[in-house]
Amino acid sequence: MVNIEKKLVNYIDGQWVLPDRNNYTAVVNPATGQTITKVPLSTENDVQAAVKSAKKAQKEWALVPAPQRAELLYRVGSMMKERKEHLSRLLTMENGKVLEEARGEVQEGIDMAFYMAGEGRRLFGQTTPSELKNKFAMSVRAPVGVVGIITPWNFPIAIATWKSFPAIVAGNAVIWKPATETPIMAYELAKIFEEAGLPNGVLNVVFGSGSDVGEAMVADDTIRVISFTGSNETGKNIASKCGMKLKKVSLEMGGKNAVIVMDDADLSLAVEGILWSAFGTSGQRCTACSRVIVHKDVKEELTERLMTEMEKLTVGNGLDETVKVGPIINAGALEKIDRYVQIGRQEGAVLLAGGYTLHEDKEDAGYYYVPTLFTDVDRTMRIAKEEIFGPVVSLIEVESLEEAVEINNEVSYGLSSSIFTQNVNQVFAAQRDLDTGIVYVNAGTIGAEIHLPFGGTKGTGNGHRDSGLAALDVFTEWKSVYVDFSGKLQRAQIDTEQ
Ligand code: NDP
């Protein structure tokens, strides 16, 4: 039995505080349709309180030696490890993903804690020779100051750790707005930070809608960075507002990820990879496979094998460990998925499996969509180009690797791609030519590890990356330091010829 508070409150300046307005909304378990808690709909005033506390706290926090800041993250990682099962169950209840995947997501957060804690003893800059005598030159990473993170519902804890852990170890203070659908992980993570001894104000959690809390964060001049994961529409809106303020913004948005299956592929492995990538998290991952680009010589066999395996996928409440595909996050997302399936049919794609919601007639029965497979999909169709964010896969036939790469690359997104082949020449050509931030060989489109950069090209982002060392670039400024110990004024670029 997992206990959940009846009502959540904000975490500002190390205190659990009621929101400015007595306004709350229900948090619904998507597997059952039942309300599990209530979350504040905070206002700009709550954001301002968080900004004030973060600004004050950051000055002190930046002076704490980075290895000591890292000690805090080691404690957070250990506590997450101790509470892994508790956190995973709560995550399944608020987001719906099956328990096995929830455990994987919490593990990702634990890994990130230890990885970024290690950075506390590195945070490497560069030392370089100076062009002048008796002069020392180096670059160091400086914290940006107060940073804002805005996270989505599909990875309520992992994405938050990708952003907040590097920010905190680098000496910033954080204001975090989690998605209103999934606030429980934020509440739990803030409790862990509090118990681990994080100084007041270094992490603040303000619950509420994107249009109130998110926009207030974007508009605030003290917040120097916004790190966002979510839809392209919201990302573009945030980026344009940040652009006018010359505020740094890191965006990680959608994908239209493809698995390429060549004629020499191990088809059993390819089927496993497609099932995991397409139907894991019910297809609600930015890296979810929604296109299978298959060589014509193996298309028939791959299709048959896929359909056989899809029939075995059990759909239901993710707390039941026999279930493989959990619910969709909410009724609106369910409708969006079904709308795309109707579009696919109208466009002339052939529906081979799924294509309908479950328990539609029952109230409070949760939001479920049956794993869906289309074939005879033309590369120009909307279902072949637009992000659906659900368990829907399109089979597209090709005659060569060149054609497969071209189709992979012609969408507006560039997050992840995968190729199944045993031909080493094709492997190397594909990893070079696939225009995505992540490329997998003989694995599906999901499975990123936290010590490498995560993000994509084109419409997926704006050039920044979460995770890995690259995350530090978002939350630090480079400072170049020159120390002249010659005792006289030496002029760079001028006095070098003496
Ligand atoms: P959003 O982009 O609307 O939400 C992501 C986060 O941004 C949430 O915390 C949201 O707050 C916040 N937000 C919303 N509007 C603003 C704003 N104007 N200013 C600042 N922050 C804002 O995505 P949705 O949840 O609505 O999902 C819609 C679609 O987006 C999905 O179907 C999918 O295609 C895509 N998506 C992609 C994700 C990815 O991993 N790349 C993750 C989630 C969605 P709140 O929701 O609390 O109002």
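Let's start with one residue: Arg-103 has a relative accessibility of 22%, so it counts as partly exposed (buried means under 20% relative accessible area, exposed over 50%, and partly exposed in between, with a 1.4 Å probe and protein chains only). This is a predicted model, where local features need pLDDT of at least 70 and side-chain atom pairs count only at pLDDT 80 or more, while totals for chains, interfaces and linings use all residues. Residues are numbered from 1 along each chain as its sequence is written, and side-chain values use heavy atoms, leaving out hydrogens and water.

Back to Arg-103. Its side chain meets that of Glu-321 in a salt bridge, at 3.0 Å from N to O (a salt bridge is a side-chain nitrogen of Lys or Arg within 4 Å of a carboxyl oxygen of Asp or Glu). This pair links distant parts of the chain: Arg-103 sits in helix α4 and Glu-321 in the loop between α10 (296-311) and α11, 218 residues apart. Helices (H or I, at least four residues) and strands (E, at least two) are DSSP runs, numbered from the N terminus. Glu-321 is partly exposed too, at 47% relative accessibility.

Now look at Glu-85 and Arg-89, whose side chains form a salt bridge at 3.2 Å, N to O. They are four residues apart in helix α3 (residues 84-95), so about one helical turn separates them. Glu-85 is partly exposed at 33%, and so is Arg-89 at 29%. Put these pairs together and you get a network of salt bridges that links Glu-85, Arg-89, Arg-103 and Glu-321.

For another link, find Arg-224 and Glu-477, which meet in a salt bridge at 4.0 Å, N to O. Arg-224 belongs to strand β10 and Glu-477 to strand β23 (residues 476-484), so this pair ties together parts that are 253 residues apart in sequence. The whole structure holds 23 salt bridges.

Next come the open spaces. On a 1 Å grid over the protein atoms alone, a pocket is an open set of points with protein on both sides within 12 Å along at least five of seven lines, a cavity is a set where a 1.4 Å probe fits but cannot get out, and lining residues have an atom within 4 Å of a point. Grid points are joined across faces, edges and corners, and a volume is the space filled by probe spheres set on the points.

The largest pocket has a volume of about 900 Å³. It is lined by 37 residues, and the closest to its centre are Trp-153, Phe-228, Gly-230, Ser-231 and Thr-234. Helix α8 gives the most to this lining, with six residues. By class, the lining has 14 nonpolar, 15 polar and eight charged residues (Ala, Val, Leu, Ile, Met, Phe, Trp, Tyr, Cys and Pro count as nonpolar, Asp, Glu, Lys and Arg as charged, and the others, Gly among them, as polar).

The second largest pocket, at about 390 Å³, has 21 lining residues, with Glu-108, Phe-155, Arg-285, Gly-447 and Ala-448 nearest its centre. Here α4 gives the largest share of the lining, six residues.

Finally, the closed spaces: there are two cavities of 30 Å³ or more. The largest has a volume of about 80 Å³, and among its 13 lining residues, Ala-288, Ser-290, Glu-387, Ile-388 and Phe-389 are the closest to its centre. The second largest cavity holds about 40 Å³ of space, and its lining includes Gly-255, Arg-291 and Tyr-413.
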